Amino acid sequence: MDKTQFLQKKKILMEKVADADMVLVGIGEEFNEDFKDIGKFPRLMAALEEVDTNPFLEWTVPFLEHRYLIEHKEGKLIKAYQKLFEMIKDKNYFVITTCIDENIKKADFNTERLVEPCGNYKMFQCSEKCCSELYSSEEFSNLVNQATLDEVGLDSLEIPKCPACGKPLAFNNILCESKYAEEGYQLQWENYTKWLQMTLNKKLCVLELGVGMNLPNIIRWPFEKIAYYNKKASFFRVNGSLYQLTEKLSDKGISIGENAIDFLLADCK
């Protein structure tokens, strides 16, 4: 896509957002944290090197990644979220994301207008899903942080255990695969579905940003249906490779073949 066409499409998007009664945003795979900047945190790198020399410490890697997510508060990805927030902050919006890294919360989005159906790192669950109980991960995260600060070695840590069955605890997110306890997001999902009911016959701007085909039943396919049935809806699909629209949306949708993060950061003037 040439620059002129790119800027024209972004200008149209901005105009549609400004004119909309409600804005629905879907965040997908292009926003997933890749942990490439972990080298900027010497303590965490030293801990990972300790894991490399001791395979029995492999279990600590997700907890070290969680520390990185807590401490990493800048960069291109965070700036893109901030740009998105500035774009929609004055609108009646709702955001659904398949990302589990919680980077979106480093911008100023209202968490009551955000749902994370794939989970995150905030809570623990039993790795064997012996029950649906969830536990805060904060205390153990602080222990991991202290171990890296004091340089006492990761072998000073003990894997957190489920109080009910004694099996290891895991972060409550989709990485638990078939054992994922979905109770953690269901209340907010109900709020999301109630919000969707109010979009009927409203000028709705649907923004699908960086959503691929890993989990199309969460955002991609439902968003297409929402936009199709709402006669006042406009639809924007931004993706570096999977930007094509269905024929049903050709009259109300615009596809933008650009990485969604780069798109948000580009100046539309």
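**A walk through the fold, starting at Cys176**

Cys176 has a relative accessibility of 14% and therefore counts as buried, since the cut-off for that class is under 20%. The model is a predicted one. Why does Cys176 form no bond with the closest cysteine sulfur? That sulfur belongs to Cys126 and lies 9.1 Å from the sulfur of Cys176, which is too far for a bond. A disulfide would need the two sulfur atoms within 2.5 Å. The search of the whole structure likewise returns 0 disulfides. Another cysteine, Cys205, has a relative accessibility of 0% and so is also classed as buried; Cys205 returns below as part of a strand.

The overall dimensions come next. The chain contains 8 helices and 9 strands. Its radius of gyration is 20 Å, and the globule rule gives 18 Å for 269 residues; the two values are close, so the chain is as compact as a globular protein of that length. The C-alpha trace spans about 60 × 40 × 30 Å along its principal axes. Of the 269 residues in the chain, 47% are buried. Among contacts with a separation of 6 or more, 69% are between residues 24 or more positions apart. The chain has an accessible surface of about 14000 Å², and carbon and sulfur atoms hold 49% of that area.

The interior can be described through its nonpolar cores. In soluble globular proteins, nonpolar side chains tend to be buried together. Here the largest nonpolar core comprises 48 residues, and Leu24, Leu64, Tyr192, Leu204 and Phe223 are those with the most contacts inside it. Which helix supplies the largest share of this core? Helix H3, residues 61-71, does, with 5 residues. There is also a second core, separate from this one, with 33 residues, among them Val17, Val25, Cys99 and Val238.

Helix H3 can be followed residue by residue. Its buried residues are Val61, Phe63, Leu64, His66, Arg67, Tyr68 and Leu69. The elements they pack against are helix H2 (42-53), strand E4, helix H5 (138-150) and strand E6. For Leu64, with residues up to four places away in sequence left out, the contacts are Leu44, Ala47, Leu48, Val51, Val144, Thr148 and Leu154.

Strands E4 and E6, two of the elements packed against H3, belong to an open sheet of 3 strands. The order in this sheet is E5-E4-E6, and the pairing is antiparallel. Strand E5 (135-136) and strand E6 (169-173) are at the edges; each has a single partner strand, so one side of each has no neighbour in the sheet. Strand E4, residues 119-126, pairs with E5 in the antiparallel sense over 2 bridges. Within this pairing, Met123 has Ser136 of E5 as its bridge partner. On the other edge strand, E6, lies Asn173. The relative accessible area of Asn173 is 1%, so Asn173 is buried. Setting aside residues up to four places away in sequence, Asn173 touches Ile100, Cys118, Gly119, Asn120, Tyr121, Gln125 and Tyr180.

Another group of strands is arranged around E7. How many of the 6 residues of strand E7 (residues 204-209) are buried? The count is 6 of the 6, so E7 is largely enclosed by the rest of the structure. Both of its faces are covered: Leu204, Val206 and Glu208 are buried on one side, and Cys205, Leu207 and Leu209 are buried on the other. Strand E1 (residues 22-27) runs parallel to E7 and is joined to it by 6 bridges. In that pairing, Val23 has Cys205 of E7 as its bridge partner. Strand E8 (residues 234-238) also runs parallel to E7, through 5 bridges. There, Leu209 stands opposite Val238 of E8. Val238 is one of the residues of the second core, whereas Leu204 of E7 is among the residues with the most contacts inside the largest core.

The last stop is Ser234, in strand E8. Is Ser234 buried or exposed? Its relative accessibility is 8%, so Ser234 counts as buried. Apart from its neighbours within four places in sequence, Ser234 is in contact with Lys16, Leu204, Cys205, Val206 and Lys252. Leu204, Cys205 and Val206 are residues of E7 whose burial was described above. Ser234 and Ser136 are 98 residues apart along the chain, and their C-alpha atoms are separated by 40 Å.

Terms used
Residues numbered from 1 in each chain as written. Predicted model: local features only at pLDDT ≥ 70, side-chain atom pairs only at ≥ 80, totals over all residues. Heavy atoms only, no water. Buried < 20%, exposed > 50% of the residue type's maximum accessible area, 1.4 Å probe, protein only. Core = buried A, V, L, I, M, F, W, Y, C linked by side-chain atoms within 4.5 Å. Helix = DSSP H or I, 4+ residues; strand = E, 2+ residues; numbered from the N terminus. Contact = heavy atoms within 4.5 Å. Rg over C-alpha atoms; globule rule 2.2 N^0.38 Å. Areas by Shrake-Rupley, 256 points an atom, 1.4 Å probe, with all protein chains shown as cover. Pairing = 2+ DSSP bridges.
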